[in-house]
Amino acid sequence: MSETTEKLTALFAKERKKYSTPCFVYSVSQFERNYRELKAVLGTQLIYSMKSNSCLDLIVRCGHVFEDGIEIASIGELNSLASGDGPRYINNPSADRNFIRAAIASKCTLVVDNLAQLSLIAEFVGKRPIKPIMLRLNHETLAEFSPQSARIKPNHFGMDWQDTKKALEMCQASDIQVAGFHVFKGSQSFPACAMDTVAASQKIIEAFEEILGYPISKVNLGGGFDAQWREYDFDFEQYRSVLNELPKHIQVLHESGRGIAASAGYYLTQIRYVKSVNEQHYAICDGGMAQNFLLAKTETPFRRYETPIIISDNTAEAAPDKLEIPQESSCLLVGTSCNKDDVIGAVKSYVPQPGDLALFENCGAYNANYTVSPFLTLPPAQAYLVE
């Protein structure tokens, strides 16, 4: 249990009535520490990916650390940061004319996903000032420049090399300045792909500059960090040394959402009832997959549920003794959505009691955002900030 988790557990045990469950709780200090420490080990600029956690109060509170910029993936996110300072990068493969117009008006840097988007941008040339753009490359493009690149699952993001060359020619013809390129290998892919990505990027920089006839200035090498990036078996010192071999005029960027936000966020729900069906014990909570879809593990073939920290309700009168169950058995924590898949956690060897709190760690990234809540008109989870 981390120091932050210990402090929060004590806080909830002492001041439980101040928190309306279900809720997400974000540690401001942990959020800022994750950002600064990840940036330090990379030795480059670091962009925060807002889609991982778009809690505006948290972003505003921590805005001073995002000096390198924020990546925005929707017009809703852009509108919420309309008055914000600092660099902003727009990156969405489905960005339409309205989104692109708003991004240009807001002086954002556009990361172009496809040729059709580039054609839309060209329509604004001469009408509005456009910041130099970045072209998003599909990760399979790396293999054309570095055959030993680690193979990962194909995806639809960015352009292959043939379309990239067409995009560069279109930029020349339309007088659109190119700042550089963006390439992302996928979630949690950093340790396996980092070195190969730099090797390929060196050659891609040369190819870009040869076609354009002028030097580019930025390369975004993406992210792919998980909550436990500090525990990687990866030589960050060697990585920084390899990055130093890139041309001196190139500003290297990385981006992260999960690596910054995940361990700074917690999900808290209260147990309402306990029951047993054919010797399987259940704890029915006031929040479940409708507020935190990822905990239900429905997208994982083999579900391994998270084990929350149980904070006993010491205020309950005549609280029953803890019911112990066989070590190999577990009590499943379920939510309120009337869905058989609404299982969000498991506790081994004993059954929590009504009134107890269940605290889940590493819920700061995507857990609040990547959740479908309209079903049954269930209320969304509250959000609280703590220092």
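A residue counts as buried when its relative accessible area is under 20%. In this predicted model, that cut-off separates the two faces of strand β11 (residues 280-285): the side chains of H281, A283 and C285 point to one face and are buried, while those of Q280, Y282 and I284 point to the other and are not. Such alternation between the two faces of the sheet is what a regular strand shows. A buried aspartate, D356, is the second topic.

**Strand β11 and its partners**
- Strand β10 (residues 265-277) pairs with β11 in the antiparallel sense, over six bridges.
- The two strands β10 and β11 make a hairpin with two residues between them. In the turn, N278 has a positive phi of about 50 degrees.
- C285, on the buried face of β11, stands opposite I271.
- Strand β14 (residues 330-334) pairs with β11 in the parallel sense, over four bridges.
- I284, whose side chain is not buried, has V334 in β14 as its bridge partner.

**The buried D356**
- D356 sits in the loop between β16 (350-351) and β17 (357-360).
- Although buried, D356 has no salt bridge. The nearest side chain of opposite charge is R16, at 5.8 Å, whereas a salt bridge requires the atoms to be within 4 Å.
- The D356 side chain does reach backbone nitrogens: that of D313 at 2.9 Å and that of Q353 at 2.9 Å.
- Apart from neighbours within four places in sequence, D356 is in contact with R16, T269, Q270, I271, I310, I311, S312 and D313.
- I271 links the two topics: this residue is in contact with D356 and stands opposite C285 in β11.

Key:
Residues are numbered from 1 along each chain as its sequence is written. This is a predicted model: local features need pLDDT of at least 70, side-chain atom pairs count only at pLDDT 80 or more; totals for chains, interfaces and linings use all residues. Side-chain values use heavy atoms; hydrogens and water are left out. Buried means under 20% relative accessible area, exposed over 50%, partly exposed in between (1.4 Å probe, protein chains only). Lys and Arg count as positive and Asp and Glu as negative; His and the chain ends are not counted. A polar contact is a pair of N or O atoms within 3.5 Å; within protein, one must be able to donate a hydrogen and the other to accept it, and residues adjacent in sequence count only if both atoms are side-chain atoms. Contact means heavy atoms within 4.5 Å. Two strands pair if DSSP finds at least two bridges between them.
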